[in-house]
Amino acid sequence: MPKAQILIEALPWLTRHNGKVVVVKFGGNAMIDEDLKAAFAQDVVFLRHAGLKPVVVHGGGPQINAQLDKQGLISEFKAGLRVTTPEAMDVVRMVLAGQVQRELVGLLNEHGPLAVGMTGEDAHTITATKHSPQIDGELVDIGRVGEITEINTGAIEALLADGRIPVISSIARSADDHHVYNVNADTAAAALAAALGAETLMVLTDVEGLYADWPHSDEVISRLTVSELEKLLPELSSGMVPKMEGCLHAVRNGVTTARVIDGRVQHSILLEIFTDEGIGTMVVPDAPQGGAK
Ligand SMILES: Nc1ncnc2c1ncn2[C@@H]1O[C@H](COP(=O)(O)OP(=O)(O)O)[C@@H](O)[C@H]1O
Ligand SMILES: CC(=O)N[C@@H](CCC(=O)OP(=O)(O)O)C(=O)O
């Protein structure tokens, strides 16, 4: 009976999410443990077989750092973004598209012919121009870091229609020259979720969710509206900035809920989608939308 109860608890969520696009961002920090990676692949395949349309967008910050170190190149972040020289861009592209994405595709495809890897360069999926962030009021040159100007969802939609699971690396084609741009993976996932009209954006990371008073307390904010989030944004730091900006962008542009969840908890995706006990932080639109979990 307990097993049947667990299955039946999922029924309303199965009904609600049937046929919906879910963009799952898998962060480099949650990707270090082999068991977690395998559980992540199981969850995504489970979503697919349960009638959802998962799209995976992956990061790989720690993996890029390791490769830059090996090649004796310096890793530096400004405004939360990697300063990307042309040499570093080659490494970013090689690690994301050639290593991390291949590994995820391999893990997913242990369950069947499902995953297809691509980068934002493919079929003009993500187009960007040079991004120069403002630091202390000054525009700063951080090299080949892109600001997304256009998303073309055609290739992803074709894969979804064919029953596949797209696995996308956060690299963009350039709108203004013949090179490519490095895009933060949270930002890319949010932009794709909005453009795809996804129901859910789920950002897996290495903390329980958004802490109300980080680093002083580990109290997690479980639910907040876009207006509440907007007020909070200037107080946020480091890795949480692109994540929460991404959640804001996604929900402002039609995604029903954006969630930041703990990628260190095995099967956190399933718990979040199919059980009554949502975990982590959920961002919802201002006007209550009946039924968002
Ligand atoms: N308010 C906050 N709540 C939670 N984490 C925060 C907060 N502010 C900053 N952080 C930091 O953000 C990190 C997550 O971002 P990041 O390291 O970029 O992860 P990922 O590799 O998953 O993208 C956390 O490990 C934590 O150190
Ligand atoms: C511009 C920029 O900073 N790009 C990121 C892309 C990878 C990423 O975002 O990885 P995580 O999700 O693991 O942090 C980088 O070079 O590290």
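**Exercise 1. Place Asp186 in the predicted model and decide whether Asp186 is buried or exposed.**

Step 1. Find the element. Asp186 sits in helix α7, residues 185-196. Helices are DSSP runs of H or I with at least four residues, strands are E runs of at least two, and both are numbered from the N terminus.

Step 2. Count neighbours. A residue is buried if 20 or more other C-beta atoms lie within 10 Å of its own, exposed if 12 or fewer, and partly exposed in between; the C-beta atoms are placed from the backbone. Asp186 has 28 other C-beta atoms within 10 Å, so Asp186 is buried.

Step 3. List the contacts. Two residues are in contact if their C-beta atoms, placed from the backbone, lie within 7 Å. Leaving aside neighbours within four places in sequence, Asp186 contacts Lys25, Val203, Pro242, Lys243 and Gly246.

Step 4. Check one distance. Gln134 is 52 residues from Asp186 along the chain. Their C-alpha atoms are separated by 19 Å.

*Ground rules.* Residues are numbered from 1 along each chain as its sequence is written, while chains are lettered from A and ligands numbered from 1 in the order in which they are written. This is a predicted model: local features need pLDDT of at least 70, side-chain atom pairs count only at pLDDT 80 or more, and totals for chains, interfaces and linings use all residues.

**Exercise 2. State how confident the predictor is in this model.**

Step 1. Know the scale. pLDDT is the predictor's confidence in each residue, from 0 to 100.

Step 2. Read the chain. The protein chain averages a pLDDT of 93. Of the residues, 98% score at least 70.

Step 3. Read the model scores. ipTM is 0.95 and pTM is 0.95.

Step 4. Keep one caution. Where pLDDT is low, the predicted coordinates should not be read in detail.

**Exercise 3. Find which residues surround each ligand.**

Step 1. Fix the cut-off. A residue is near a molecule or strand if its C-beta atom, placed from the backbone, lies within 6 Å of it.

Step 2. Take ligand 1. It is surrounded by 17 residues, and the closest are Gly27, Thr205, Tyr211, Trp214 and Gly239.

Step 3. Sort by class. Ala, Val, Leu, Ile, Met, Phe, Trp, Tyr, Cys and Pro count as nonpolar, Asp, Glu, Lys and Arg as charged, and the others, Gly among them, as polar. The shell around ligand 1 has seven nonpolar, nine polar and one charged residues.

Step 4. Take ligand 2. It has 16 residues around it, the closest being Gly28, Gly59, Gly61, Arg82 and Ala185. The elements giving two or more residues to this shell are α4 (61-70) and β4 (81-82). By class, the shell around ligand 2 has six nonpolar, nine polar and one charged residues.

**Exercise 4. Explain why the annotated binding-site residues gather at one spot.**

Step 1. Name them. The UniProt annotation "binding site", from an unreviewed entry, covers Gly60, Gly61, Arg82 and Asn182. UniProt positions are given in the numbering used here, feature names are shortened, and annotations may be inferred rather than shown by experiment.

Step 2. Compare sequence with space. The four span 123 residues in sequence, yet no two of their C-alpha atoms are more than 11.8 Å apart, so they gather at one spot.

Step 3. Look at Gly60. It lies in the loop between β2 (53-58) and α4. Gly60 is buried, with 26 other C-beta atoms within 10 Å. Not counting residues up to four places away in sequence, Gly60 touches Gly28, Val95, Leu96 and Val100.

Step 4. Look at Arg82. It lies in strand β4. With 22 C-beta neighbours inside 10 Å, Arg82 is buried too. Beyond four places in sequence, Arg82 touches Ser75, Phe77, Val145 and Asn182.

**Exercise 5. Pick out the backbone features at Pro215, Ala79 and Asp136.**

Step 1. Start with Pro215. A cis peptide bond joins Trp214 and Pro215, with omega about 0°. Pro215 is in the loop between β12 (200-205) and β13 (223-225).

Step 2. Turn to Ala79. It is not a glycine, yet its phi is positive, about 55°. Ala79 lies in the loop between β3 (77-78) and β4. It has 15 C-beta neighbours inside 10 Å, so Ala79 is partly exposed.

Step 3. Finish with Asp136. Its phi is positive, about 50°, although Asp136 is not a glycine. Asp136 is in the loop between β7 (134-135) and β8 (138-139). With 5 C-beta neighbours inside 10 Å, Asp136 is exposed.
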